[in-house]
Amino acid sequence: MKVVGITILRTGASLPDPIPMSMACDLSSYGFFQRQGVKEMLTFFSKTFTKRTEPGQRQSITHESYVIHCYVRSDGLAGSVTTDAEYPARVAFVLLTQLLDEFTSTVGDSWKTMETSVESASFPPLEDYLQKYQDPASADKVTKIQNDLDETTNILHKTIDSVLERGVKLDSLVEKSDDLSRQSKMFYKQAKKTNSCCVIS
């Protein structure tokens, strides 16, 4: 999972195209001579897809092996995050929401009159966001919790499998257990018998 680029743009009905105000890219996976072309494509995608996103809307557009996540706020401030296909969309939109809020708290309303190109507008926290969100699980608490739950589930499955792998049959464990009543043991046997007749391969 990887974030390739983040762009902050100014949109509005009076503008023919969105104006990119600041941009950060991680082009380390591209060859030196490809980087300028990739950066230009990222700018093009950001402008093109942001222009086609209604104010107050979020959308994700897939292009080849990349996904461009666009968010246009109702005040016209917009952002786009370009990621690979595996990157979670929810995390990309969390990134955009936090980034645009920080941008407006830093620059105020001055962005509404910026007529700059990407190269001339600087917003240093943009690079921090690019680095922080490379790992979606560590950047987003909900994703981290979900990953922890998945890992716990995998551990539990592995534990049961490892008990069964050692030759210990669950049936014999149930039979030998003092914690289960006779009724529970009968229920277990009946459920096993019922399930065994309906196995679909």
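I take buried to mean under 20% relative accessible area, with exposed over 50% and partly exposed in between (1.4 Å probe, protein chains only). Helices (H or I, at least four residues) and strands (E, at least two) are DSSP runs, numbered from the N terminus.

**Entry 1: ground rules.** I am working with a predicted model, where local features need pLDDT of at least 70, side-chain atom pairs count only at pLDDT 80 or more, and totals for chains, interfaces and linings use all residues. Residues are numbered from 1 along each chain as its sequence is written, and side-chain values use heavy atoms, leaving out hydrogens and water.

**Entry 2: overview.** I find 7 helices and 5 strands in the protein chain. Along the sequence they follow the pattern β-β-α-β-β-β-α-α-α-α-α-α. Of the chain's 201 residues, 37% count as buried. I also looked at contacts (heavy atoms within 4.5 Å): of those between residues at least 6 apart in sequence, 53% join residues at least 24 apart.

**Entry 3: the sheet.** In which order do the 5 strands lie? I read β2-β1-β5-β4-β3, an open sheet with antiparallel pairing; two strands pair if DSSP finds at least two bridges between them. β2 (19-25) and β3 (57-63) are the edge strands with a single partner each, so one side of each has no neighbour in the sheet. On average, neighbouring strands are turned by 15 degrees against each other, direction ignored. For such values, axes are lines fitted to C-alpha atoms, for helices over the stretch in contact, and angles run from 0 to 180 degrees between N-to-C directions. Helix α1 (residues 35-51) packs on this sheet and touches β1 (3-10), β2, β3, β4 and β5, with its direction at about 135 degrees to that of β2.

**Entry 4: strand β4.** I stayed with β4 (residues 66-72) for a while, as its pairings make a nice little map. Of its 7 residues, 6 are buried, so β4 is largely enclosed by the rest of the structure. It shares 7 antiparallel bridges with β5 (residues 77-84), and β3 and β4 also pair over 7 bridges in the antiparallel sense. His-69 stands opposite Ser-60 and also opposite Val-81 in β5, while Val-67 faces Thr-83 in β5. The β3-β4 hairpin has 2 residues between the strands, and Glu-64 takes a positive phi near 55 degrees. The β4-β5 hairpin has 4 residues in between, with Gly-76 in the turn at a positive phi of about 100 degrees.

**Entry 5: the cores.** A nonpolar core here is a set of buried Ala, Val, Leu, Ile, Met, Phe, Trp, Tyr and Cys residues joined through side-chain atoms within 4.5 Å. The largest has 24 residues, of which Ile-6, Ile-8, Leu-95 and Leu-99 touch the most other members. β1, β2, β5, α2 (89-107) and α3 (125-132) each give two or more residues to this core. Its largest share, 8 residues, comes from α2. Apart from this core lies another, of 6 residues, among them Met-23, Leu-27, Tyr-30 and Leu-42.

**Entry 6: α2 against α3.** The two axes come within 11 Å and cross at roughly 165 degrees. I therefore call α2 and α3 roughly antiparallel to each other (under 35 degrees is roughly parallel, over 145 roughly antiparallel, 65 to 115 roughly perpendicular and the rest oblique). At their meeting, Leu-95, Gln-98, Leu-99 and Glu-102 of α2 contact Pro-125, Leu-126, Tyr-129 and Lys-132 of α3. Val-91 also lies in helix α2, and at 0% relative accessibility Val-91 counts as buried.
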